Amino acid sequence: MTGTMLAVLDDVESGAGFVRTILAQAERMDARLVVYLLTPGPLAAPDLAPFGVLYLPDQILQADSEKQVEKLRAMLGGTTVDVDIRGMFDDVAWLAGDVRRARPISDLSVVGSHETWAIPYLYRRVTEMLALASGGPLLILPPGRSLTTVNHAVLGWKSCPEAVRALHDLVGLLAPGARVDVVSCGDRPGSEDDPHGHGAVAAYLGYRGFEVGSVWLERRHDVAEQLQTHALELGADLLAAGAFAHSRLHELVFGGVTAGLINQTRVPVLLSR
């Protein structure tokens with residue numbers, strides 16, 4: 001891939017491992033890297049966000065943001081990657097919206113999982129926003145994981161446009177001849193002739209030279225956990241799934257696979273919408 005990657009984080013120290021991983025990823029992919037470094041206003045405690053905000057004049061917050069940007073530049077010194085670091089500062093409740101209004105254009109957005117963020121609330125808001133509104137795929141990387149080469153992937157499948165988008169985005173990351181296990185949770189259909197089912201996905205991937213497996217898991221309460229556990233058991237490099245097939249309100253009230261994958265990310269996850 002030769003293009004642009006967008007990385008977002010809220011703290012240089014908490015996200016140091018993520019930054020090094022994504023920098024190496026951009027170098028391997030010969031990609032330009034744009035980094036949005038978010039500096040929220042001070043909080044009484046990170047777990048209280050978006051409440052417990054302490055007032056700080058904008059000029060002081062801007063100076064803090066500039067210090068964070070310089071710290072990140074120093075960390076990235078000597079790299080051959082084309083890196084563009086953009087500092088953003090605001091009240092913690094508005095920063096995700098600020099990122100959205102900046103309308104970043106990239107081929108792939110990347111964030112570290114919640115362990116790499118200083119403020120859990122900001123992680124959830126930014127990740128949901130990127131999954132919903134960035135216009136491209138979102139990759140979530142847990143600590144210690146990267147995507148050097150995707151030789152084996154799991155595709156969480158249901159018949160919906162979001163899953164089709166995930167399929168297309170996944171193909172762009174797969175190594176030649178990679179294996180893809182198409183996994184659904186629930187009752188297996190009586191006929192394999194469904195034009196939107198596993199057979200159609202297998203034909204699409206097989207035509208492109210990929211090895212394909214088909215798996216149906218008995219549906220349990222937490223589908224996100226099922227998919228991740230299955231991917232870990234297979235030793236897969238990546239789990240891909242459609243994001244927010246239900247509305248965000250539905251996910252907030254009833255829960256959903258997307259929220260589960262965001263809140264507890266145990267394998268690299270690619271979300272598409």
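**Entry 1. Contacts of T39**

I began with T39 in this predicted model and looked up its contacts beyond the neighbours within four places in sequence. I found T39 in contact with L61, D64, S65, Q68, M88, F89, D90 and L95. I placed T39 in strand 2. Is T39 buried or exposed? I recorded it as buried, because its relative accessible area is 8% and the cut-off for buried is under 20%.

**Entry 2. Strand 2 and its partner**

I next looked up how strand 2 pairs. Strand 2, residues 32-40, runs parallel to strand 3, residues 83-90, and eight bridges join the two. I noted V34 opposite D84 of strand 3. I then followed the chain from strand 2 through helix 2, residues 58-75, to strand 3, and entered this β-α-β crossover as right-handed.

**Entry 3. The loop after strand 2**

I looked up P50 and found it in the loop between strand 2 and helix 2. The peptide bond between A49 and P50 is cis, with omega about 10 degrees. I set beside this the general rule that most peptide bonds are trans.

**Entry 4. Helix 1 and D30**

I checked the length of helix 1. Its 14 residues should span 20 Å at 1.5 Å a residue, and I recorded agreement because the end C-alpha atoms are 20 Å apart. Which residues of helix 1 are buried? I listed A16, F18, V19, I22, L23, Q25, A26 and M29. I noted that the cover over these buried residues includes strand 1 (4-9), strand 2, helix 2, strand 3 and strand 4. In reading that list I kept in mind that an α-helix has 3.6 residues a turn, so residues three or four places apart point the same way.

Just after helix 1, I found D30 with a positive phi of about 55 degrees, although D30 is not a glycine. D30 belongs to the loop between helix 1 and strand 2. I entered D30 as exposed, because its relative accessible area is 53% and exposed means over 50%.

**Entry 5. R103**

I looked up a further positive phi, at R103. Its value is near 50 degrees, and the residue is one other than glycine. Most residues other than glycine have a negative phi. I located R103 in the loop between helix 3 (95-101) and strand 4 (108-112). I entered R103 as exposed because its relative accessibility is 67%.

**Entry 6. Helix 4 and what follows**

I applied the length check to helix 4, residues 120-133. The expected span for its 14 residues is 20 Å at 1.5 Å a residue, and the end C-alpha atoms lie 20 Å apart, so I recorded agreement. I listed its buried residues as Y121, L122, Y123, V126, T127, E128, M129, L130 and A131.

I then read on past the helix. S134 lies in the loop between helix 4 and strand 5 (138-141). Apart from neighbours within four places in sequence, I found S134 in contact with P104, S109 and M129. I also looked up S134 against R273: the two are 139 residues apart in sequence, with C-alpha atoms 9.1 Å apart in space. At G135, just after helix 4, I noted a positive phi of about 80 degrees.

**Entry 7. L173**

I located L173 in the loop between helix 5 (161-171) and strand 7 (174-185). I entered L173 as buried because its relative accessible area is 16%. Which residues does L173 contact, leaving aside its neighbours within four places in sequence? I found M29, V150, L238 and L270. M29 is one of the buried residues of helix 1. The C-alpha atoms of L173 and L270 are separated by 10.0 Å, and the two residues are 97 apart along the chain.

**Entry 8. R219**

I found R219 in the loop between strand 8 (211-217) and helix 7 (223-234). I recorded R219 as exposed because its relative accessible area is 54%. Not counting residues up to four places away in sequence, R219 touches C185, G186 and Q226. I also looked up R219 against L130: they are 89 residues apart in sequence and 28 Å apart in space, C-alpha to C-alpha. L130 is among the buried residues of helix 4.

**Entry 9. Rings**

I closed with the aromatic side chains. How many aromatic pairs are there? I counted one aromatic pair, taking ring centres within 6.5 Å as the cut-off. I also noted the charged end of R208 over the ring of Y204, 3.8 Å from the centre of that ring.

Note on methods
Residues are numbered from 1 along each chain as its sequence is written. This is a predicted model: local features need pLDDT of at least 70, side-chain atom pairs count only at pLDDT 80 or more; totals for chains, interfaces and linings use all residues. Side-chain values use heavy atoms; hydrogens and water are left out. Two strands pair if DSSP finds at least two bridges between them. Helices (H or I, at least four residues) and strands (E, at least two) are DSSP runs, numbered from the N terminus. A crossover is right-handed if, with the strands pointing away from the viewer, the path from the first strand over the helix to the second runs clockwise. Rings of Phe, Tyr and Trp (its six-membered ring) pair if their centres lie within 6.5 Å; planes under 30 degrees apart count as stacked, over 60 as edge-to-face and the rest as tilted. A charge sits over a ring if NZ of Lys or CZ of Arg is within 6 Å of the ring centre and within 35 degrees of the ring normal. Buried means under 20% relative accessible area, exposed over 50%, partly exposed in between (1.4 Å probe, protein chains only). Contact means heavy atoms within 4.5 Å. The expected span of a helix is 1.5 Å times one less than its number of residues.
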